[in-house]
Each structure stands twice: as C-alpha cells, then as structure tokens.
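Let's take a walk through this chain together, one stretch at a time. Have the sequence and the 3D view open side by side as you read.

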Amino acid sequence: MGPGKRGLLTAALTVICAVTVLSAPGTAFAIPEPSRTPSGTPTPGATPRPAGTPAPGKDLEEVRAKLDKLYHDAAVATDVYNAAEEKAEKQSAEIVALAKKIVEGRRKLEELKDRAGAAARDQYRTGGLSDTARFLLSDDPGRFLDGAGRVLQGQQAAKKLMAEKARTQQELQSYADDASARWKELEANRKAKDAAKKKIEKQIDAAEELQSRLEKKEKERLAELEREAAARAQTAWLDTGALKDVHGKSSARGEKAVKYATRQLGKPYVWGAEGPDSFDCSGLTSQAWAAAGHPVPRTSQEQWKQLKHVDVKDMRPGDLVIYFDDASHVGMYIGEGAIIHAPRPGRTVTIAGAGSMPILGVVRPDA
C-alpha cells in the first residue's frame, strides 16, 4: 500500500473511531479527581508551585474559563481581520480596473484632441473660411448642393467629436473620483486589519503567558479539563435527542467538501490562514467548499449571514455549524454528530462533537 493510501486509511480510521464515540447518546465520561489524603488535602510529594501559579481543581477551571475567553476574543478579532483582508483584496482589484480605465480614457482623449487639432489646422489652411462660406461662394450649383450635404455632415461630426471629448473628460473625472474613494476605503481597511492583528496577538500572548505559569502536571490536567468539558457538552446535546431525526445524505459537492476537510486533519491552526499548510476555522470551511466548486464567504460571520439556514434536524454532511452568539467559530458537519474544525492557536485541525460548543445554527452552502 502506497503512502498516500495509508494516509487516507489512517484519516478514515480516525473519523470512524471518533464518530463512534461522539454519536453514542448518553455516553458517560469519567472525570478523574486529583489524588488526595483521607483528610481531603492533596497527596504529599507534589512539586511545589511557584508563587502566583494557579492551584489545581477550581483554580484550573478558572484558568480554563479565562483561556476560553481570551481565545474567543482572538477568534472575533480574526474574523474582523479576515473580513478586512477580503475587502482589501476586492478594493485593490477595483483600483486596478479603474486604473486601466483611466489609462484607456487618457489615450482616447489624446486621440480626440488630435482629431480636433487636425480640423483646426485644415481650417487655417483654407484661409479661415468655413466649409459653408466656401460652398456659398461657388458658381457651380451642383457642387454647392453636394457640398452643402457634406457641410452638414461635417458640422454633425464636429458636434459629435466635441460631445465625445466632453463625455470622455467626465468619465476620466469619475474614474479618478472612484479610485480616490477606493484608496480611502483601502486605507480604512488597512487600519482595521492592523487593529485586529494587534488585538489577536495581544489575546494570544496573554493566553500563552497564562499557560506558561503552569507546571507540566497542571498543563496536562488543564487539557484534561478541556476534554471533559467538551465531552459533557456533547453528551448533553446528544441527550436532547438532537440527532434523532438527522439522516440527511450529503450532496455531491458536500461530499467533496468533507473529503477536502478530512485531508487537512492534523494541520496547525494559524489565524488568518486558509491553507494549504495551516488554517483558521473559516479558512478551512471556505477552502473546503471552494475545492468543491462552490465558493462561500471567507468569515464565519458572513457565512452565517449569507448562507441558507437549515434546522439542525435537517443538517447533512458538508453543512457548516456556526458557534457562539457572535458567530465567531465554524466547523463542518461530517455526520454521526461530529464536525471537522480548526479549533484555536496551539491546536490542529481535528474532529470534535458537533455539540461540544454552543451552537448558533447550521447553514448550507449549496442549498
């Protein structure tokens, strides 16, 4: 078996194992307690903690809650950054298109000026007499009548030339005004991106600094608490019967999107990234659907705003599950109560329970 097939098989086995656990209603998850003496005090022999480091148990739960908030705020700022980035790309393309129109308009205006100059030089060569005057002075009636028609045509052509010149000048001014407005919008988006970037980095730095104060065993316990919280939330969601009527089959494009997302398992989360080596949450979902031939908005908030909403009971693999009241996170439903998502900094693209986070709703890209 070649390395490519082995990789796909490994990913498939991972999905099967994960969804088997995730889809079992009422699954109980044991929550280990720290070792303590009969009197209730922690077991002796534990490594002393530096001053200011949180204690196990309740204090670590507070640390987990604080980390959740820091990473949530970073996710919100990431959506702002991604939205500004998307707008900046669109505005840059518009500015390039306007620049091309301005270049073409200037070329056309120069051509019209040359034609007007040629007409003026021709009039000078005829002694300043207009075509009308010259034909009125003619002794040949036939030539006069024939020339009168040409004079009329010449007058109409001159008027058309001047009108076209005026219209071209107006268009050039309009293009210049539009370009100026786009530049201002681009600058505003640049500032929004910079502000969002600073906020993201500030939140992530704070989270990393908080975790750096923990000992190895406390970090392990903290990771355990995170898994337990996610498992409890998933179990509670399943116990509501949320999946009882969920039997939707993926569309052809939805199946392609799921396959793309599955191939990204294990790749690191990086804010603002949309592949191929790393992703943020909406970078993964937007690229998966782009690979399926059906582009969707770049951010989770715009995915929630623009895509068709469907009931949870009607969801099918490939649909996007939007999380939190501010639509700051998104994952792709893959069936059996599971999603693939890029969780947060320090994590990799992984499989999780669809109900492991507060669900805002479900959207369907190819409705």
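In β6, the residue that bridges to I322 is G361. That pair belongs to the contact between β2 and strand β6 (residues 359–364), which run antiparallel and are joined by four bridges. Two terms are worth fixing here: strands count as paired if DSSP finds at least two bridges between them, while helices (H or I, at least four residues) and strands (E, at least two) are DSSP runs, numbered from the N terminus.

Before we go further, a word on the source: this is a predicted model, in which local features need pLDDT of at least 70 and side-chain atom pairs count only at pLDDT 80 or more, while totals for chains, interfaces and linings use all residues. Residues are numbered from 1 along each chain as its sequence is written, and side-chain values use heavy atoms, with hydrogens and water left out.

Now step back to the whole chain. Its secondary structure comes to eight helices and six strands, and along the sequence the pattern reads α-α-α-α-α-α-α-α-β-β-β-β-β-β. Of the 367 residues, 37% count as buried, where buried means under 20% relative accessible area, exposed over 50%, and partly exposed in between (1.4 Å probe, protein chains only). Among the contacts (heavy atoms within 4.5 Å) with a separation of 6 or more, 70% are between residues 24 or more positions apart.

The six strands form an open sheet in the order β1-β6-β2-β3-β4-β5, with antiparallel pairing. At the edges stand β1 (308–310) and β5 (350–353), each with a single partner strand, so one side of each has no neighbour in the sheet. From one strand to the next, the twist averages 40 degrees; axes here are lines fitted to C-alpha atoms, for helices over the stretch in contact, and angles run from 0 to 180 degrees between N-to-C directions.

Let's move across the sheet from β2. Both of its faces are covered: L320 and I322 on one side, and V321 and Y323 on the other, are all buried. This fits a general pattern: in a regular strand the side chains alternate between the two faces of the sheet. Four bridges join β2 to β3 in the antiparallel sense, and Y323 stands opposite H329 in β3. The two strands form a hairpin with five residues between them, and F324 in the turn has a positive phi of about 70 degrees.

Next come strand β3 (residues 329–335) and strand β4 (residues 338–341), an antiparallel pair with three bridges. M332 has I340 in β4 as its bridge partner, and Y333 stands opposite I339. Two residues separate the strands in this hairpin, where E336 takes a positive phi near 55 degrees. Like β2, strand β4 is covered on both faces: A338 and I340 are buried on one side, I339 and H341 on the other. On its way to the edge, β4 pairs with β5 in the antiparallel sense over four bridges, and I339 has A352 in β5 as its bridge partner.

What fills the interior? The largest nonpolar core has 32 residues, and those with the most contacts inside it are W289, L320, M332 and I340. Such a core is a set of buried Ala, Val, Leu, Ile, Met, Phe, Trp, Tyr and Cys residues joined through side-chain atoms within 4.5 Å. At least two of its residues come from each of α2 (58–125), α4 (141–212), α6, α7, β2 (320–323), β3 and β4. Apart from it lies another core, of 15 residues, among them L238, A242, Y323 and Y333.

W289 leads us to helix α7 (residues 281–291), in which eight of the eleven residues are buried, so this helix is largely enclosed by the rest of the structure. Not counting residues up to four places away in sequence, W289 touches several others, including R253, A257, L320, M332 and P365. Just after α7, G293 takes a positive phi of about 85 degrees.

Our last stop is L214, in the loop between α4 and α5 (216–239). Is L214 buried or exposed? At 6% relative accessibility, L214 counts as buried. Its C-alpha atom is separated by 9.9 Å from that of V63, which is 151 residues apart from L214 along the chain.
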